[in-house]
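Dear colleague,

I am passing on the structure that we spoke about, and below it I have set out what was found, with the terms explained along the way. Please open it first and keep it beside you while you read.

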Amino acid sequence: MSDASAASFDFDLIVIGAGYGGFDAAKHAADHGLRTAIVESRDMGGTCVNRGCVPSKALLAASGRVRELADAEHLRGFGIHAAPVRFERQKIADHANQLVATIRTNLTKTLERAGATILRGKGRLEGSQRVAVREASGIERVYSARDVIIATGSDPFVPPGIETDGRTVFTSDEAISLEWLPRWIAIIGSGYIGLEFADVYTALGCEVTMIEALDRVMPTFDPDIAKIAARKLIDGRDIDARAGVLAKTVTPGSPVRIELVEMASREPVETLEVDAVLVATGRVPVSKELNLESVGVTTNRGFIPVDEAMRVLVDGNPVAHLWAVGDVTGKMMLAHTAAAQGGVAVDNILGHQRLIDYRSIPAATFTHPEISSVGLSEADAKELAAADGFELGLVRSYFKANSKALAELESDGLMKLLFNRSSGEVLGAHIYGLHAADLIQEIANAVARRQSVRELANEVHTHPTLSEVVEVAYKQAAAALV
Ligand SMILES: Cc1cc2nc3c(=O)[nH]c(=O)nc-3n(C[C@H](O)[C@H](O)[C@H](O)COP(=O)(O)OP(=O)(O)OC[C@H]3O[C@@H](n4cnc5c(N)ncnc54)[C@H](O)[C@@H]3O)c2cc1C
């Protein structure tokens, strides 16, 4: 790129979508001197800040405390006798709303301070290196940019046959407002969003029926971790979980009617009448109205194909000056993945070649206790071991052997570590237990560096901390090397 050609564009970079992916890309670009604009049609901060990570974690923090204070048996173990716990639903909702507003304001100010131009309106491509922005007033302007990053994210997926009204049948978009507490709520889907909301609702006294179409609950989790986690997170709570059944139709109202059929045979099972339904059946990319045809891009069920430098692909070949990051690419749909992809895209735009490393990106579910993972699943690790001809190592480290977990009377937990028995390289980890979401970071860092348990086993961990669960796993793995 010559300076003369750069100056002929309105911007060096236009980012479409100000979610976590777009935000990180725009900030990084502006910080590095690129003339950057970011287009947003709804709320600055996107799903994570307004309808996802931020409000859901605020609800989990408050409801988690309610659960703790209401757990008389747990408290008795410490010799504590607390009065019956009371809570105000509206104040819990207010806590989430206030946090959203604060983070949204901070994020917007950060972008402005970095020098990015915020364009309010709906963006779409107008051929190569051109973006049209339609403002709410209907006015449309077309801007040129040397590079364009698409970061339009995702929306909740509502399967056919399910009708939502936003009040009795709703998705996480509405659930995060906690407008009311249904006495009996059915949650369709037992992925991380369904599990987190089940954690919130049961802590606040609601009865939950969890409906999972696949043949086991928590199908996206490591099977051993899911088994032990389900004992506490599902069986130990006011949750009736049903796997292998499909909610064929859901009709809003009072009561909400759910027609259940067996997944395999589609034979009717029963019709439930509940107070509310939360549909947590995954998310779909937002890409329909981007006019991707104008640059010849074909999506994969709406997801934009990208390479590991985040360049948009057509028939496997990169399109010049067009990038996509975040949920719209369909790769590990998490806020920190979107942000990491944004950073990678901008580094490549700046001329520093960098590729994303999905294997080292951790994931967490913020239930009480938490679940986390990084790297390969056991099934994928087995496949890799067979293909590359090495022996797969697997060790388990238990929270019940950890002094800190015992002191907290929270010794329910397991960490599974997968590694190459010859080289010692850490391939993945799966954790269920107190603060699993924090514990996983240490292993994610090791995976990022492709480190061996041989060196990791010698790293000193603070005593007594939960991190010793990881230390024990590393030591066991080092002892199992061949
Ligand atoms: C309930 C819930 C809890 C979650 N919890 C976590 C968590 O704990 N940790 C975690 O890592 N992830 C979590 N996630 C996932 C996380 O929210 C997403 O992975 C993340 O928001 C993706 O970021 P993004 O930038 O790709 O897209 P989004 O955040 O979806 O942002 C896209 C933005 O683009 C805008 N946009 C779309 N089209 C246009 C257009 N044509 N013109 C202009 N603007 C447009 C949208 O309005 C939106 O603001 C959660 C999600 C949900 C729903």
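Helices (H or I, at least four residues) and strands (E, at least two) are DSSP runs, numbered from the N terminus. This is a predicted model, in which local features need pLDDT of at least 70 and side-chain atom pairs count only at pLDDT 80 or more, while totals for chains, interfaces and linings use all residues. Residues are numbered from 1 along each chain as its sequence is written.

I begin with the ligand, where a residue is called near if its C-beta atom, placed from the backbone, lies within 6 Å of the molecule. There are 38 residues around the ligand, and G17, G19, G46, G153 and G326 come nearest. Elements that give two or more residues to this shell include α2 (20-31), α3 (46-51) and α4 (53-70), and the most come from α3, with 4 residues.

Next come two helices, for which a residue is buried if 20 or more other C-beta atoms lie within 10 Å of its own, exposed if 12 or fewer, and partly exposed in between, with C-beta atoms placed from the backbone. The expected span of a helix is 1.5 Å times one less than its number of residues, so the 18 residues of α4 should span 26 Å, which agrees with the 25 Å between its end C-alpha atoms. Among the buried residues of α4 are V54, P55, L59 and L60, and the buried residues of this helix pack against α3, α6 (89-114) and α8 (192-203); contact here requires C-beta atoms, placed from the backbone, within 7 Å. In α6, the 26 residues should span 38 Å, and its end C-alpha atoms are 38 Å apart, which agrees. Its buried residues are I92, A96, V100, L107, T108 and L111, and their cover includes α2, α3 and α4. After α6 comes G115, whose phi is positive, near 100°.

Finally, some backbone details deserve your attention. H368 and P369 are joined by a cis peptide bond with omega of about 0°, and P369 is found in the loop between β19 (363-365) and β20 (370-375). Which residues other than glycine have a positive phi? N291 has one of about 55°, and M310 has one near 75°. M310 lies in the loop between β16 and β17, as does N291, but N291 counts as partly exposed because it has 16 C-beta neighbours inside 10 Å, whereas M310, with 32, counts as buried.

With best wishes

Note on methods: Contact = placed C-beta atoms within 7 Å.
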